[in-house]
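Visitor: I'd like a close look at one part of this model, please: the largest pocket. Which residues lie nearest its centre, and which elements give two or more residues to its lining?

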Amino acid sequence: MFIDFLQLTGLFGLGIILTSLLSFIFAKNKKSIVIITIIELIVLGGFIYFALPDKTLSGLLTINLLGAMINSALLLGMKGLDSAKNVLLNKKTGQKIKTITEKNWPGRLLVLSILGFGLLLLISFVTSLTSIDEVYNTIPTKIEEKSEPLSSTKETPIALAPDTAKRKMLQQFSVIKNSNMFSLDGITAQTVNGEYVYVATVEFNGFFKWLKLKEVPGYFIISATDNNAQPKFVEKPITYSPNAYFSKDAARRIYAAFPSYASSGTINLEIDEDGNPFYVQTLYKEYGVSGKMHYDEFKTAVLNGTTGNVKLYDAKDAPEFIDAPITSSAVDSMNTFYGRYGEGWWNQSLFGAKKNVKLPTENGVYASGRITPLLSTKGQLFYFTDFTSEDTQQDSALGYSLVNARSGELTYYRDEGLGLMDSDGAISIAEKIYPEKKWEAEMPILYNVDGTPTWIISLLDSKGLFKKYVYVNAVDNDIVVDGDDAQSTLDSYRVDLLAKGSNNQNTEVGELEEISGVVKRVQILNSGENTLVNFLLADQEGIFSVNISDYPYALFLETGDNVTFKAANSNQPMTLVQELTIKSLE
């Protein structure tokens, strides 16, 4: 690894070396040039070691030109100092001042390096604009008018807010031996052995703690969906980690293995099915001096936290146990680019009309608050982000995206014509339910509940502990339900939807059709002032519901009754019926 960093120092130090060589050829005080050059290369080597600059065209040109500028300025200053010394010496001795015939190479090189750096900035700026359409077209995108329905929280689990998981882990932190030497670091959502969990790393509290122990003792893991779950500390010594130093630093090890790739975001910890720790970082290839990326070419570096072995994969081909080969920071960049530049760079400029420009909201839990993890019904990890207008006075969502954390495909749901409330509005409503408690609303995710766009939000107390779930109708803001767990809150919310006859659905409701059958199950649900009678038919799929305010005799419905009613021809899990007839009561 030391040899690798020497080679990188040579590559990034070409500007220093070349300007020193040219000055050395024509200089009289050659010893000073050699000393200054060696010192600068040592400083540069230290910078590379700690900053880990990308060995890309833009990175190489930028650092070399800056190095050439600094070196030329130092050599010019040294030459001026020598000339001043000679003048003072000649005045002191009374000797005649000799005409200096040495060519001013440091000054010429300084001017050239400044011009070169300015040209680099100009070219980078121009190409960053002209390449916008090219970069935009690399985003794997599809657009959907309607989101997939949330049939039950068992199929699409509602996750706890990461702050709640962190708080529980911190309460258990004393189970770690020498816990004062460590701190809780990043937290990531993933599936381990089919269970949706949060995993958090334990990292050193500084250099001397690492020097003493050399490895962290393990990591925390907790269910991401169970309100009552307690974290478990898994003892699994990790030698290579982000907060280790020198050759044990995870970021430095990945960088040394693949320095020609640029990195996106922080390193995430992922656990395989046997509990072994791996660190994952998203990498990409830069194109041209502007440093542009192609969003369909993400790479994933995987570092074994125990052995230090590093492998590189195409993101989609990463090992199966890695749920997020593409990290949230890369997705945040993709979302921002997608929202801003759908109509080209000029449209987004100062003089552009900003047609169809949409911005990610900042109510997520990853990537500076713009990304929220979500597990699909098929067990795949997605990143959720809702988009709003640049006009801060507006409170409506322009749509939302789900990005597959493995394939990088961005699916944009726009639900046109519904006038959806954005996550800012949903959070405001949720926090007003119990204003005296000053609970904070976090982790808003927009689901499709029986055809109705619905915000599902967690309420946390000042310590970050979970208190309530809140379901807010994204179209009819008067329908708001809160509860202690996701499933019971969903059931109550469905009762309110049906009781109020909500027609604010993002699925087309067909004409009413007459349905007859024999009742095989009956259930009565109460929600505030509303009471619903739900029933199943022996030869029909789905749940049928009737509000007793519309048909009071429904309270007397029994198993075995023959019924006739009208209902919409819908594929929703629960359907509100009309004109119910119970033959045994006629």
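Guide: Happy to help; I'll start with the model as a whole, then go to the pocket and on to a few residues in and beside its elements.

This is a predicted model, in which local features need pLDDT of at least 70 and side-chain atom pairs count only at pLDDT 80 or more, while totals for chains, interfaces and linings use all residues. Residues are numbered from 1 along each chain as its sequence is written, and side-chain values use heavy atoms, with hydrogens and water left out.

The protein chain has a mean pLDDT (the predictor's confidence in each residue, from 0 to 100) of 84, and 88% of its residues reach 70 or more. Two stretches stay under 50: residues 96-101, with four contacts beyond four places in sequence, and residues 503-510, with 24 such contacts. Contact here means heavy atoms within 4.5 Å. There are 13 helices and 23 strands in the chain; these are DSSP runs numbered from the N terminus, H or I over at least four residues for a helix and E over at least two for a strand. Of the 586 residues, 50% are buried, where buried means under 20% relative accessible area, exposed over 50% and partly exposed in between, using a 1.4 Å probe and protein chains only.

Now to the pocket itself. Rolling a probe the size of a water molecule over the atoms shows where empty space is left. On a 1 Å grid over the protein atoms alone, with a 1.4 Å probe, a pocket is an open set of points with protein on both sides within 12 Å along at least five of seven lines. The largest one holds about 630 Å³ of space, that volume being what probe spheres set on the points fill, with points joined across faces, edges and corners.

Its lining is made of 35 residues, with G265, T266, I267, N268 and S329 nearest the centre; a lining residue has an atom within 4 Å of a point. Helix 7 (162-171), strand 2 (182-192), strand 3 (195-204), helix 9 (250-257), strand 6 (262-271), strand 7 (277-284) and helix 10 (328-340) each give two or more residues. Strand 6 gives the most, six. By type, the lining has 18 nonpolar, 12 polar and five charged residues; Ala, Val, Leu, Ile, Met, Phe, Trp, Tyr, Cys and Pro count as nonpolar, Asp, Glu, Lys and Arg as charged, and the others, Gly among them, as polar.

Two of these helices invite a closer look. Helix 10 has 13 residues and spans 18 Å from its first C-alpha to its last, close to the 18 Å expected, which is 1.5 Å times one less than the number of residues. Among its buried residues are S328, D332, N335 and F337. In helix 7 sits K168, which counts as buried because its relative accessibility is 8%. Beyond its neighbours within four places in sequence, K168 touches I222, D226, N227, N228, A229, Q230 and P231. Its C-alpha is 6.8 Å from that of Q230, although the two are 62 residues apart in sequence.

Leading up to helix 9, the loop after strand 5 (232-238) holds F246. Not a glycine, F246 still has a positive phi of about 55°, and it is partly exposed because its relative accessible area is 39%.
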